[in-house]
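Trainee: Could you walk me through reading a fold, one feature at a time?

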Amino acid sequence: MEYTKVAVDAMGGDHAPKEIVKGAVDALNRNQQIFVTLVGNEEVISKELEMYKYPEDRVSIVHASEVIETAEHPVQAIQKKKDSSMVVGLKLVKKGEADAFVSSGNSGALLVGGQLVTGRIRGIHRAPFAPLIPTEKGVSLVLDCGANVDARSEHLVQFARMGSIYMEYVMGVEKPKVAIVNVGAEEEKGNALVKETYPLLKECSDINFVGSCEARDIPKGDYDVIVCEGFVGNVILKLYEGVASTLISVIKKGLMSTLLSKIGAAMALPALKKTLKSFDATEYGGAPLLGLKGLVVKTHGSAKAKEIANAIEQCVAFKEQNITEKIENILNV
């Protein structure tokens, strides 16, 4: 069997290495197609692994003596900490020793490292963070969500085309509907960037562009690929996650408020759990950095085992569908 080889930054994130290692083990036990390389302090990782049962023939450890901390300057961290778990993991992808790299570490450093170490596909201007977000009808891909807070129209067009490729081949959506985030549905609305980008997207014959998308329409799931600059995308993503978390908390509090509501909650619990699970962003893995020569996936800094495991499994479909090659070929760059 040909494995999908995933390098995992065991030292990055708020809950490293405990939750990172647990997530890697969970992914290995669920999916026989995965080989995981845990990158970081070998002694610490080995001690964590002792707590679990897992297929030892599908795990390796690559020692890295340094860790890039959350508050460090991205460029300086990548340049100075050559033996950090992040840089070492990215180099494994560059050398072809891993198909993908997953990290919960410093977002800025991962973006810089992804482009400097792994490298962008020739002709790709910017690499966007592209997370899947839950909607009423399934999931939508939002890009960019923070990698490029200042983008130009040609960048957004590439985001749209790459996002369309991802949704079609990884998520199996036929002719994914592409929309640009706007303050209204009319074509003439929007800021200078949106007004400049809109007609360019209309001219793209290789995407199914359906027009503008207002933020309030995103949860409905009428659009498969949602395009915006990184500043707007990050605000949407963080507000989305915050509202979802608050609603879940309020619903739970309301259901436990009276004896009658508790009885009703007990009856509705199975359906409620299923519904709430579908709106849990951690169920869909991390945000790939599209447009790089290899797959780099960013999970939340606060990611726990479930999100790590899902992010690792996410890499299988990416490899099987040769997404990097498809982006390179379809975009003719």
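Mentor: Sure, we'll take the sheet, then helix packing, then one residue. Keep in mind that this is a predicted model.

Trainee: Let's start with the sheet. In what order do the six strands run?

Mentor: The general idea is that strands of a sheet pair through backbone hydrogen bonds, either parallel or antiparallel. Here the order is β3-β2-β1-β4-β11-β10, in an open sheet with mixed pairing. At the edges sit β3 (59-63) and β10 (287-288), each of which pairs on one side only.

Trainee: Which sense does the pairing of β1 and β2 take, parallel or antiparallel?

Mentor: Parallel: strand β1 (residues 4-9) and strand β2 (residues 34-40) are joined over six bridges. To find your place in that pair, look at Val-6, whose bridge partner in β2 is Val-36.

Trainee: On to helices. What do I look at when two of them pack?

Mentor: Two packed helices are described by the angle between their axes and the distance between the axes. Take helix α4 (residues 85-94) and helix α5 (residues 107-118): their axes come within 9 Å and cross at roughly 35°. That crossing is right-handed.

Trainee: Which residues of α4 and α5 meet?

Mentor: From α4 you have Met-86, Val-87, Leu-90, Lys-91, Val-93 and Lys-94, and they meet Ala-109, Leu-110, Gly-113, Gly-114, Val-117 and Thr-118 of α5. By class, this contact divides into seven nonpolar, three polar and two charged residues.

Trainee: And where does α5 lie on the sheet?

Mentor: Helix α5 lies across β4 (100-103) and β11 (295-298), and runs at about 175° to β11.

Trainee: Give me another helix pair. Why are α6 and α11 called oblique?

Mentor: Start with the geometry: the axes of helix α6 (residues 153-169) and helix α11 (residues 323-330) come within 10 Å and cross at roughly 135°. Oblique covers angles that are not under 35 degrees, not over 145 and not from 65 to 115, so α6 and α11 are oblique to each other. Their crossing is right-handed. In α6, Arg-161, Met-162, Ile-165 and Tyr-169 meet Ile-323, Lys-326, Ile-327 and Ile-330 in α11. That contact has six nonpolar, no polar and two charged residues.

Trainee: Last one, a single residue. Is Thr-197 buried or exposed?

Mentor: Buried, because its relative accessible area is 0%, and the cut-off for buried is under 20%. Thr-197 is found in helix α7 (residues 192-202). Leaving aside residues up to four places away in sequence, Thr-197 touches Ser-153, Leu-156, Val-157 and Ile-180.

Conventions:
Residues numbered from 1 in each chain as written. Predicted model: local features only at pLDDT ≥ 70, side-chain atom pairs only at ≥ 80, totals over all residues. Heavy atoms only, no water. Helix = DSSP H or I, 4+ residues; strand = E, 2+ residues; numbered from the N terminus. Buried < 20%, exposed > 50% of the residue type's maximum accessible area, 1.4 Å probe, protein only. Contact = heavy atoms within 4.5 Å. Axes fitted to C-alpha atoms, helices over the stretch in contact; angles between N-to-C directions. Left-handed = near helix turned anticlockwise from the far one by under 90°. Nonpolar A, V, L, I, M, F, W, Y, C, P; charged D, E, K, R; others polar. Pairing = 2+ DSSP bridges.
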